[in-house]
Amino acid sequence: VDQDRVEGPVKEAGGKIKEEWGDLTDDPGTEAEGKVEQVEGQLQNEWGEAKDTVRDAADDDDDAR
């Protein structure tokens, strides 16, 4: 499993917490930062999935030889 697939969901969860904290404290800047972190985490996770897919395909190709 690619490291980005581990770190992405953690960043996404942290962003959700930050967003909620910003909402509770009426801090739109913190809330917006949390939303950005969530998107970053989602993208990082998807990037890790793509790398795993390519790596698995390369491994399958090597096994076929």
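Contact here means heavy atoms within 4.5 Å. With that cut-off in hand, we can walk through this predicted model.

Start with the whole chain. Its secondary structure comes to 2 helices and 0 strands. The radius of gyration is 17 Å, well over the 11 Å that the globule rule gives for 65 residues, so the chain is more spread out than a compact globule. The box tells a matching story. Taken along the principal axes, the C-alpha atoms fill roughly 60 × 10 × 10 Å. Of the 65 residues, 22% are buried. The exposed surface of the chain is about 4700 Å², and carbon and sulfur atoms supply 53% of it. Sequence separation is worth a look too. Take the contacts between residues at least 6 apart in sequence: 57% of them join residues at least 24 apart.

Now the helices. Helix 1 covers residues 3–24. Its 22 residues reach 32 Å from first C-alpha to last, close to the 32 Å expected at 1.5 Å a residue. Helix 2 runs over residues 28–64. It has 37 residues and spans 54 Å between its end C-alpha atoms, close to the 54 Å expected.

Both helices have a cap at the N-terminal end. For helix 1 the cap is D2, with a side-chain oxygen 2.9 Å from the backbone nitrogen of D4. For helix 2 it is D27, where a side-chain oxygen lies 3.1 Å from the backbone nitrogen of G29. Between these helices sits D26, just after helix 1, with a positive phi of about 55 degrees.

Which residues of helix 1 are buried? They are D4, G8, G15, E19 and G22. Seen down the helix axis, these residues fall within an arc of 65 degrees, so they line one face of helix 1. The face turned away from that buried side carries the exposed residues V10, I17, W21 and L24. Part of the cover over the buried residues of helix 1 comes from helix 2. The reverse holds as well: what covers the buried residues of helix 2 includes helix 1. On helix 2, the buried residues are T30, G34, Q38, G41, Q44, N45, G48 and D52.

Follow helix 1 from its N-terminal end. D4 lies in this helix. Its relative accessible area is 14%, and the limit for buried is under 20%, so D4 counts as buried. Its side chain makes a polar contact of 2.7 Å with the side chain of K51. Setting aside neighbours within four places in sequence, D4 is in contact with P9, Q44, N45, W47, G48 and K51. Among these, Q44, N45 and G48 appear in the list of buried residues of helix 2.

Further along comes K18, also in helix 1. Is K18 buried, exposed or in between? At a relative accessible area of 26%, K18 is partly exposed. K18 touches T30, E31, E33, G34 and E37, not counting residues up to four places away in sequence. E37 deserves a second look. K18 and E37 are 19 residues apart in sequence, yet their C-alpha atoms are 8.6 Å apart in space. Their side chains are joined by a polar contact of 2.8 Å.

The next residue, E19, is found in helix 1 as well. At 13% relative accessibility, E19 counts as buried. Beyond residues up to four places away in sequence, E19 touches T30, E31, G34, K35 and Q38. Of these, T30, G34 and Q38 are buried in helix 2.

Finally, take G22, again in helix 1. How accessible is G22? Its relative accessible area is 0%, and G22 is buried. Leaving aside neighbours within four places in sequence, G22 is in contact with D27, T30 and E31. One of these, D27, is the residue that caps helix 2. The C-alpha atoms of G22 and A32 are separated by 7.9 Å, and the two residues are 10 apart along the chain.

To bring the pieces together: the chain has 2 helices and 0 strands. The buried residues of helix 1 line one face of the helix. Helix 2 is part of what covers them. Helix 1, in turn, is part of the cover over the buried residues of helix 2. Two side-chain polar contacts described above are D4 with K51, and K18 with E37.

Notes: Residues are numbered from 1 along each chain as its sequence is written. This is a predicted model: local features need pLDDT of at least 70, side-chain atom pairs count only at pLDDT 80 or more; totals for chains, interfaces and linings use all residues. Side-chain values use heavy atoms; hydrogens and water are left out. Helices (H or I, at least four residues) and strands (E, at least two) are DSSP runs, numbered from the N terminus. The expected span of a helix is 1.5 Å times one less than its number of residues. Buried means under 20% relative accessible area, exposed over 50%, partly exposed in between (1.4 Å probe, protein chains only). The arc is that of the directions from the helix axis to the C-beta atoms. A polar contact is a pair of N or O atoms within 3.5 Å; within protein, one must be able to donate a hydrogen and the other to accept it, and residues adjacent in sequence count only if both atoms are side-chain atoms. The radius of gyration is taken over C-alpha atoms; the globule rule is 2.2 Å times the number of residues to the power 0.38. Accessible areas come from the Shrake-Rupley method with a 1.4 Å probe; for residues, only the protein chains shown count as cover.
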